[in-house]
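Subject: Structure handover

Hello,

Here is the structure I said I would pass on. My notes on it follow below the entry.

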Amino acid sequence: MTLPEDPEGPDAITDVGGLRVGHARVAGPGALTGTTVVLAPEGGAVAAVDVRGGGPGTRETDALDPRNLVQRIDAVVLTGGSAYGLDAAAGVMAWLAERHRGVRVGPDPAHVVPVVPAACVFDLGRGGDFAARPDAATGRAAAEAAAASGDRARVATGAVGAGTGAVVGGLRGGVGTASTVLESGVTVGALVVVNAVGSAVDPTTGVPYGHYFEAGRPVVPDASVHEAALRRLAGARGAAAPPPMNTTLAVVATDAALTRAQAQKVAGTAHDGIARAVRPVHLMNDGDTVFALATGARELPEGPGPLALNEILAAGADLVTRAIVRAVLAAPGGLRCPSGDFPSYRELYGPDPGAYSR
């Protein structure tokens, strides 16, 4: 894969022209949760979804089935707060409706029904207040932040938005993103929220699993540093606290013109990227969900029929892996809360010198 054409670009999902990302956090001393919105360009984007977790929390995902009516959507919501947090989508829906964006259902331009698919992670009570969770106001704030961000804006990562209270395998998790420009000129980007009981780090080496799939050999932490990290992790989480639910959410986007069926294939293949970077995944208490967006600004390259999609499929999975590692590395400090002590990767191993720095 190559880096985006603009070396000063965000190396984020916002490298896909027209896409914008906004985060909002629930306020309050007992709140460690929030919402992230991926806003499509005017006119919307072709969308699809693939849910692999056995215990997902989602909204409006059936509308994205290629057999059903809706052709394009204007926003995707990723949120904390478990199923309660899906209320954030109502705020995004209202924000879109005020701008006459949605499925036209009547003669007046205001007669629209925005379709806002959403998925959630479980972070209830992580800040101490079980009732602190995203609502419609949180979703609206995230949508407004996305709209105000500008084209090709950098995307805040780590403990922000839906990743505010995220943890992964005993470490602090969060939001990560990455992008690439393919040889064909097509741009592909990914954004993830990692909040998993599965580990993102190889317990035998301390190397993030995703590093093994990059070109070159990963940088292996010193053995003494890794041993100290294992000791810290062994005693970190509160003994009485339940393990965090195992959920990774992702949005994979491209500027290629895809059919809804092709977009669904992109969403499905992108799950391979989760499986490379987090272990285990796709279990009965998982909520692992991937959305795909295609803006249609660029035609698929000429190629052997449907095989022209292959480079986008491969890139989507690779970028999800890279974005997951970035989410883990972006956490600046540990999360100490009533449910336990979750140090950050950097806190245990120091700044990462590996393949994911630009």
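Which backbone nitrogen lies 3.1 Å from a polar atom of the side chain of Asp-11? It is that of Ser-179. Before going further, please note that this is a predicted model.

Asp-11 itself is placed in the segment before strand S1, which covers residues 20-25. Asp-11 is buried, and its relative accessible area is 1%. Its C-alpha atom is separated by 8.9 Å from that of Val-155, although these two residues are 144 apart along the chain.

Gly-340 gives another pairing of this kind. The C-alpha atoms of Gly-340 and Gly-170 are 9.0 Å from each other, with their positions 170 residues apart along the chain. Gly-340 belongs to strand S16, residues 340-342. With a relative accessible area of 11%, Gly-340 counts as buried because that value is under 20%.

Helix H4

Helix H4 runs over residues 260-277 and has 18 residues. From its first C-alpha to its last it reaches 27 Å, close to the 26 Å expected at 1.5 Å a residue. The buried residues of H4 include Arg-260, Gln-262, Val-266, Thr-269, His-271 and Ile-274. Among them are also Ala-263, Ala-267, Gly-268, Ala-270, Gly-273 and Ala-277. What covers these buried residues includes three strands, S3 (46-51), S13 (247-256) and S14 (289-298), together with helix H5 (310-330).

The loop between H4 and S14

Two residues in this loop have backbone features to look at. Pro-280 is in the loop between H4 and S14, and a cis peptide bond joins Arg-279 to Pro-280, with omega about 0°. His-282 is found in the loop between H4 and S14 too, and its phi is near 60°, a positive value in a residue other than glycine. At 26% relative accessibility, His-282 is partly exposed.

Glu-60 likewise has a positive phi, near 60°, and is not a glycine. Glu-60 lies in the loop between strand S4 (58-59) and strand S5 (75-79). Its relative accessible area is 33%, so Glu-60 counts as partly exposed. As background to these entries, most residues other than glycine have a negative phi, and most peptide bonds are trans.

Cysteines

How many disulfides does the structure hold? The count is zero. Cys-120 is in no disulfide, and the nearest cysteine sulfur to its own, that of Cys-337, is 18 Å away. Cys-337 is in no disulfide either, and for Cys-337 the nearest cysteine sulfur is that of Cys-120, 18 Å away. A disulfide needs the two sulfur atoms within 2.5 Å, so a separation of 18 Å rules this pair out. Cys-120 is buried, with a relative accessible area of 6%, and Cys-337 is buried as well, at 14%.

Rings and charges

Which ring does the charged end of Arg-133 sit over? The ring is that of Tyr-84, and the charged end is 3.6 Å from the ring centre. A second arginine, Arg-276, lies over the face of Phe-213, at 5.7 Å from the ring centre. As for rings against rings, the count of aromatic pairs comes to one.

That is the end of my notes.

Regards

Conventions:
Residues are numbered from 1 along each chain as its sequence is written. This is a predicted model: local features need pLDDT of at least 70, side-chain atom pairs count only at pLDDT 80 or more; totals for chains, interfaces and linings use all residues. Side-chain values use heavy atoms; hydrogens and water are left out. Helices (H or I, at least four residues) and strands (E, at least two) are DSSP runs, numbered from the N terminus. Buried means under 20% relative accessible area, exposed over 50%, partly exposed in between (1.4 Å probe, protein chains only). Rings of Phe, Tyr and Trp (its six-membered ring) pair if their centres lie within 6.5 Å; planes under 30 degrees apart count as stacked, over 60 as edge-to-face and the rest as tilted. A charge sits over a ring if NZ of Lys or CZ of Arg is within 6 Å of the ring centre and within 35 degrees of the ring normal. The expected span of a helix is 1.5 Å times one less than its number of residues. Contact means heavy atoms within 4.5 Å. A polar contact is a pair of N or O atoms within 3.5 Å; within protein, one must be able to donate a hydrogen and the other to accept it, and residues adjacent in sequence count only if both atoms are side-chain atoms.
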